[in-house]
2 protein chains.
Amino acid sequence: MRSSQAPKPRPRLLHLLLGKPLETKALPHQVVSRPIGLAVFASDALSSTAYATEEILIILALAGTGAVILGISLPIAIAIALLMAIVTISYRQTIYAYPNGGGAYIVARDNLGELPAQIAGAALLTDYILTVAVSISSGVAQITSGFQFLFPYRVELAVGAIAIITLVNLRGVKESGRIFAIPTYFFLGSMFLTLGVGLVRYAAGDLPTVVDVEAVHDGGQALTLFLILRAFSSGCAALTGIEAISNGITAFKEPRSHNAAITLVWMTGLLVAMFLGITFMAHEMHVMPSETETVISQIGRTTFGSHSPFYLMMLVGTALVLLMAANTSYADFPRLAALHAGDGFLPRQLTYRGSRLVFSWGIMGLASCASLLVIVSGARTTSLIPLYAIGVFLSFTLSQAGMVVRLRKIGRLRPGQEVAGRETVMRYDPHWRLKMLISSFGALCTGIVMVVFAVTKFSSGAWFVVLLIPTLVYAFFRIHYHYRDVARLLSLDGVPVDIEKRSIQTVILVDDVHAETVRLVNFAKSLAHPWHAVHIAVNPKKADLIQQKWRNRIGEGEMIIIPSPYRLLAEPLRQYIEELQTKTPGSFVHIIMGHLAMDTFWEQALHQNSAVMFNLALSRMEGVVVTSVPYQIHRNGLAREHAAEARRPH
Amino acid sequence: MRSSQAPKPRPRLLHLLLGKPLETKALPHQVVSRPIGLAVFASDALSSTAYATEEILIILALAGTGAVILGISLPIAIAIALLMAIVTISYRQTIYAYPNGGGAYIVARDNLGELPAQIAGAALLTDYILTVAVSISSGVAQITSGFQFLFPYRVELAVGAIAIITLVNLRGVKESGRIFAIPTYFFLGSMFLTLGVGLVRYAAGDLPTVVDVEAVHDGGQALTLFLILRAFSSGCAALTGIEAISNGITAFKEPRSHNAAITLVWMTGLLVAMFLGITFMAHEMHVMPSETETVISQIGRTTFGSHSPFYLMMLVGTALVLLMAANTSYADFPRLAALHAGDGFLPRQLTYRGSRLVFSWGIMGLASCASLLVIVSGARTTSLIPLYAIGVFLSFTLSQAGMVVRLRKIGRLRPGQEVAGRETVMRYDPHWRLKMLISSFGALCTGIVMVVFAVTKFSSGAWFVVLLIPTLVYAFFRIHYHYRDVARLLSLDGVPVDIEKRSIQTVILVDDVHAETVRLVNFAKSLAHPWHAVHIAVNPKKADLIQQKWRNRIGEGEMIIIPSPYRLLAEPLRQYIEELQTKTPGSFVHIIMGHLAMDTFWEQALHQNSAVMFNLALSRMEGVVVTSVPYQIHRNGLAREHAAEARRPH
């Protein structure tokens with residue numbers, strides 16, 4: 001290890017935007033407390049209450065907008081709340097079992113094997129993207145409910161919001177934690193205030209009902225079990241985000257598992273209370289599903305009146321928490337993508353940490369996909385909901401199934417015995433039977449919901465996800481096999497390494513004869529291997545002139561003109577090199593070419609920059625080495641020359 | 001010159017689309033006859049009759065849609081026809097004076113100097129782009145007049161049409177001439193048939209008037225001289241394209257000037273007849289300017305009836321000739337851009353001929369700008385017209401002013417005396433006074449019209465062009481100074497060239513130790529200069545492992561670990577190189593790095609490809625030479641390995 005001073009990055013404009021670069025050793029300190037952790041990881045789950053009730057009502061409205069039909073939302077919401085409790089109890093076990101992060105990918109990989117792990121990962125990655133798109137779209141819908149003149153700019157607002165969140169996340173998780181704590185608590189405060197005021201007025205018997213709503217049209221469908229199940233599926237969007245904490249355990253302060261588990265229970269408690277409260281209020285106030293005003297906005301407007309500052313506060317709070325909810329995915333997507341990439345199932349670039357220690361490539365990838373979804377769907381939450389949550393339920397099921405396998409292994413241990421696995425240490429646990437029962441029940445429930453989901457929403461969009469996840473898994477394995485094969489080809493294991501010298505033929509590629517050419521010749525001569533120059537004659541007249549200039553100015557070494565009647569550059573050179581290689585097999589052909597390096601991109605664009613092209617064309621040839629000799633053209637140099645010229649007497 | 005077989009390009013998928021590559025010596029044969037030349041170069045001018053009358057009526061309608069007010073279109077059309085005759089007579093002289101191409105750029109450069117030439121060029125380039133946008137938009141409007149259900153897809157249709165024309169032009173001018181001859185003559189036939197039938201019915205006294213038109217709203221403005229001049233300006237769009245032939249003289253068969261001049265006269269004759277005919281018919285039939293139906297469509301529908309095949313034929317003919325008119329710009333824009341680039345006022349890449357001998361960069365540039373204009377304007381001709389034709393009139397004025405200067409010089413010669421200029425030979429001409437008078441009168445007329453243009457349309461869009469042209473001229477000169485300065489810096493004139501050998505320090509950049517590394521060491525060792533290896537330690541744990549692998553596997557040469565706590569690659573290397581250079585001034589530092597060359601883009605994207613980045617970062621350093629040693633990873637190789645493995649007993 002060299003002892004010299006570690007090089008620091010130069011200050012740049014980008015650092016103003018992203019914050020100054022962080023050293024790698026700063027990494028472990030980037031952890032959050034429970035209240036901040038709740039804000040970072042729970043905003044997704046909590047904010048889904050902003051659209052879950054609405055999506056249930058929209059499906060039920062297909063059969064009619066009467067109070068009886070829409071009232072079915074209440075039992076549906078209770079069923080969903082029960083499901084939330086089951087999943088939470090089950091995931092609490094996972095958090096304690098996997099203190100280093102117990103996302104579905106890790107649990108499945110540890111207990112079920114590579115294929116289920118990749119399926120779980122693909123499902124989660126897909127859903128993280130959808131979380132961003134759905135949350136942002138719903139957040140924008142809250143704002144346009146209050147400010148109708150913004151309605152035509154939904155897509156622009158949504159894409160702008162994604163850009164801002166992306167920027168915040170490129171700065172790093174601690175800052176985003178702080179930034180996002182305020183809106184999450186602001187939302188919780190305003191929402192419980194609204195529900196509280198509503199409940200008091202309900203108890204006092206003066207709860208008003210919603211007026212002035214442009215309700216969606218009655219779809220005229222029959223109220224079948226299928227439709228009720230479809231409404232239930234839509235409402236299950238409220239469960240997305242419950243898994244976020246288990247993926248992000250390492251972001252918590254020590255004792256991690258304990259802090260994460262407590263945060264999970266807090267979160268589910270708040271979630272169930274809000275979801276049931278909103279659904280109850282929506283029913284009692286006769287909220288109508290509408291395309292231009294959200295359920296939340298109708299409840300707030302009816303509770304406080306459309307000119308009340310409390311109504312506005314609640315809308316803004318909901319919008320902010322939704323926009324911020326997308327941040328959960330920004331914490332989890334890049335982390336999970338880096339896990340996949342580390343195992344060789346995604347491009348390795350996803351494991352690189354940027355100057356602020358975040359996985360910049362993952363963040364940018366998430367932002368691009370989510371923006372695309374928002375644009376394609378026209379920022380309509382209802383268009384995205386059918387794609388949503390299948391992935392989450394698939395990963396719920398696989399994760400809990402993994403826990404079942406793990407607990408069965410633990411049950412086979414002797415009391416006190418410890419076995420080190422890939423991720424954790426397994427210790428005998430006297431309660432393994434109960435825990436296994438909980439995980440099995442959880443896996444069964446979420447598995448059934450997932451199938452209900454895929455069936456009831458297949459034709460309205462779920463088919464896309466049903467096709468996408470296997471495609472992704474296929475791609476992941478293709479990538480994996482590629483890396484494995486390359487590693488095998490490059491491996492030196494068992495290969496005797498004996499490095500013999502080979503002869504080198506140096507070929508200078510000459511475009512014109514000027515100061516840059518002199519440097520090329522200088523380098524070639526310094527190398528002291530046999531050398532000659534070559535010119536690809538696209539323009540025969542120019543070729544003669546160059547030949548002549550070479551003789552007059554350089555005056556040493558041979559220069560060969562290669563005709564190119566089809567005005568190609570790489571192809572004639574390739575043929576020439578092949579001839580050289582035939583004459584002297586086993587030698588390196590060393591191509592030396594110039595590169596005019598300009599100070600700015602615009603100046604660079606004015607020059608041919610053929611080096612990149614040659615590099616590309618010649619890199620396919622065995623035994624050909626390409627050297628680029630830069631020649632610097634400095635604007636300052638030019639400026640100095642101008643000044644000198646101006647002083648010179650004319 | 002090497003005698004070996006000239007390398008032919010390999011057959012590729014692209015050649016199916018663009019035709020097989022052509023040799024440079026095939027260039028002079030790509031010329032056209034008079035009838036084909038008329039089709040190629042006159043379609044712009046002739047097709048402008050499809051919108052010129054309409055644009056006059058749209059402006060007049062601002063003051064009312066009564067027969068008296070719209071009737072002012074007749075004297076306006078006659079004034080424009082006179083202007084056409086003046087410009088044609090004046091340009092005929094230019095064609096004979098400049099048989100190698102007498103575009104405004106060349107005439108201005110030859111007689112007025114560099115700045116007027118650049119102004120003329122910038123004006124023409126701007127207008128060529130507008131010609132494409134206006135013609136395509138108007139062509140699509142003809143089609144949507146007949147097929148109203150296509151109206152919402154105007155922009156898509158227009159962009160699609162630009163794509164097709166671009167493709168045809170990338171194939172080369174002769175093919176495009178042939179393809180475009182048919183629609184031009186089809187248009188001429190159908191238009192004269194329509195006007196002929198109309199005239200016969202007018203003479204017989206049974207000319208019907210237009211019914212069922214959704215006319216534009218009466219703007220309620222006063223009929224001022226300003227408004228009439230504005231209508232005149234809009235109608236002057238009919239003159240655009242007259243200059244096309246003088247730019248393209250070299251595309252004609254010998255005797256070039258004679259053929260080009262005759263074609264010019266044919267063209268103007270047809271243009272005047274059609275423009276006056278359409279304006280007269282529009283007046284007699286009480287055509288109303290409308291947003292959804294063009295004037296041409298109204299005339300055709302009224303003459304033949306809306307279900308007549310002749311009406312349809314006329315619409316399709318007009319649309320085709322308009323779409324094809326854009327082709328004039330595809331012939332002239334790249335040629336003019338190449339002229340600028342050859343003089344060093346535009347990027348040099350514009351002078352390169354592609355595999356089909358056309359200026360591919362210019363064609364692509366034109367297509368991109370025109371598509372952008374069509375998208376921004378929503379493919380509405382009327383939105384583009386205020387930007388249009390200023391450039392053409394500016395270049396008309398400069399070109400004719402140049403001819404005046406030239407003719408005065410000719411007048412000063414003795415009879416029989418010849419003087420060789422940059423472009424042509426000047427001979428004494430007894431008629432120089434008359435010719436100079438014609439050119440002066442032409443320059444005066446077009447100059448006045450240009451001012452009228454800029455003033456009357458300034459606020460509705462002309463301001464953009466008034467700002468754009470000086471901006472372009474400024475950019476042209478910036479580019480020119482850049483090339484001049486670089487050439488001066490690179491020049492060897494008067495510099496004594498003495499190439500001394502310098503010492504070389506070879507540094508191998510090691511990312512990991514495997515088969516690729518062995519090749520790097522092999523090359524470095526073969527070079528036989530002092531060498532050592534360097535590893536940038538982004539991950540300290542990995543660095544120790546690599547150090548150890550190096551000792552075990554390579555076993556020779558020193559390897560230095562450079563810590564990089566900020567996870568940067570280029571910056572620490574740069575600092576290290578600076579230290580080396582301080583220790584041994586005047587030596588080359590030769591950086592050798594590996595490059596895994598994959599068969600496909602997708603495989604390549606899975607690897608770090610840091611070579612490009614290093615090249616960029618190090619190219620700014622004086623005396624640093626970067627060598628990329630490719631290591632080929634072949635899919636076939638992998639496949640063979642797999643097969644071998646499969647055969648191996650497990």
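# Two matching chains in a predicted model

Of the interface residues of chain A, 100% are also interface residues in chain B, so the copies meet through the same surface. Note that this is a predicted model. How does chain A lie on chain B? A turn of 180 degrees and a shift of 0.1 Å along the axis bring chain A onto chain B, with an RMSD of 0.1 Å. That is the relation of a two-fold axis. Which C-alpha of chain A is nearest the axis? The C-alpha of A:Thr627 is, at 2.0 Å from the axis.

## The nonpolar cores

The largest nonpolar core has 132 residues. Six of these residues have the most contacts inside the core: A:Ile80, A:Ile136, A:Leu239, A:Ile242, A:Met267 and A:Phe393. Which helix gives the most to this core? Helix α7 of chain A (residues 114-146) does, with 14 residues.

Look at A:Ile242. Residues up to four places away in sequence are not counted here. A:Ile242 then touches A:Ala45, A:Met84, A:Val87 and A:Thr88. A:Ile242 also touches A:Leu264, A:Met267, A:Leu271 and A:Phe396. One of these partners, A:Met267, is itself among the residues with the most contacts inside the core.

A second, separate core has 128 residues. Among them are B:Tyr91, B:Leu207, B:Leu264 and B:Ala282.

## A helix of 34 residues

Helix α14 of chain A runs through residues 309-342. What span should its 34 residues have? At 1.5 Å a residue, α14(A) should span 50 Å. The end C-alpha atoms are 50 Å apart, which agrees.

Is α14(A) largely enclosed or largely open? Of its 34 residues, 25 are buried, so α14(A) is largely enclosed by the rest of the structure.

Now take the two ends. At the start of α14(A), a side-chain oxygen of A:Ser308 comes to within 2.9 Å of the backbone nitrogen of A:Phe310. After α14(A) comes A:Gly344, with a positive phi near 80 degrees.

## Two polar side chains in helices

B:Ser190 lies in helix α9 of chain B (residues 173-203). Is B:Ser190 buried or exposed? B:Ser190 has a relative accessible area of 1%, so it is buried. Its side chain reaches the backbone oxygen of B:Phe187 at 3.1 Å. A general point about helices helps here. An α-helix has 3.6 residues a turn, so residues three or four places apart point the same way. Beyond its neighbours within four places in sequence, B:Ser190 is in contact with B:Met313 and B:Met314.

A:Glu603 lies in helix α23 of chain A (residues 601-605). With 11% relative accessibility, A:Glu603 counts as buried. What does the side chain of A:Glu603 meet? A polar contact of 2.7 Å joins it to the side chain of A:Thr600.

## Backbone angles

Most residues other than glycine have a negative phi, and most peptide bonds are trans. The table lists exceptions.

| Place | Feature | Angle |
|---|---|---|
| A:Glu254 to A:Pro255 | cis peptide bond | omega about -10 degrees |
| B:Glu254 to B:Pro255 | cis peptide bond | omega near -10 degrees |
| B:His286 | positive phi | phi near 60 degrees |
| B:Ala528 | positive phi | phi about 65 degrees |

Where do these residues sit? A:Pro255 is in the loop between α11 (244-247) and α12 (256-284) of chain A. B:Pro255 is in the loop between α11 (244-247) and α12 (256-284) of chain B. B:His286 lies in the loop between α12 and α13 (295-304) of chain B. B:His286 has 42% relative accessibility and counts as partly exposed. B:Ala528 lies in the loop between α20 (515-527) and β4 (531-537) of chain B.

## Cysteines without disulfides

How many disulfides does the structure hold? A search over all chains finds zero. Why does A:Cys236 have no bond to A:Cys445? The closest cysteine sulfur to that of A:Cys236 is in A:Cys445, 11 Å away, and that is too far for a bond. A disulfide needs two cysteine sulfur atoms within 2.5 Å. A:Cys236 is buried, at 0% relative accessible area. B:Cys369, at 35% relative accessibility, counts as partly exposed.

Technical notes. Residues numbered from 1 in each chain as written. Chains lettered and ligands numbered in written order. Predicted model: local features only at pLDDT ≥ 70, side-chain atom pairs only at ≥ 80, totals over all residues. Heavy atoms only, no water. Buried < 20%, exposed > 50% of the residue type's maximum accessible area, 1.4 Å probe, protein only. Helix = DSSP H or I, 4+ residues; strand = E, 2+ residues; numbered from the N terminus. Polar contact = N/O pair within 3.5 Å; in protein donor to acceptor, adjacent residues only side chain to side chain. Core = buried A, V, L, I, M, F, W, Y, C linked by side-chain atoms within 4.5 Å. Contact = heavy atoms within 4.5 Å. Expected span 1.5 Å × (residues − 1). Least-squares fit on C-alpha atoms with pLDDT ≥ 70 in both.
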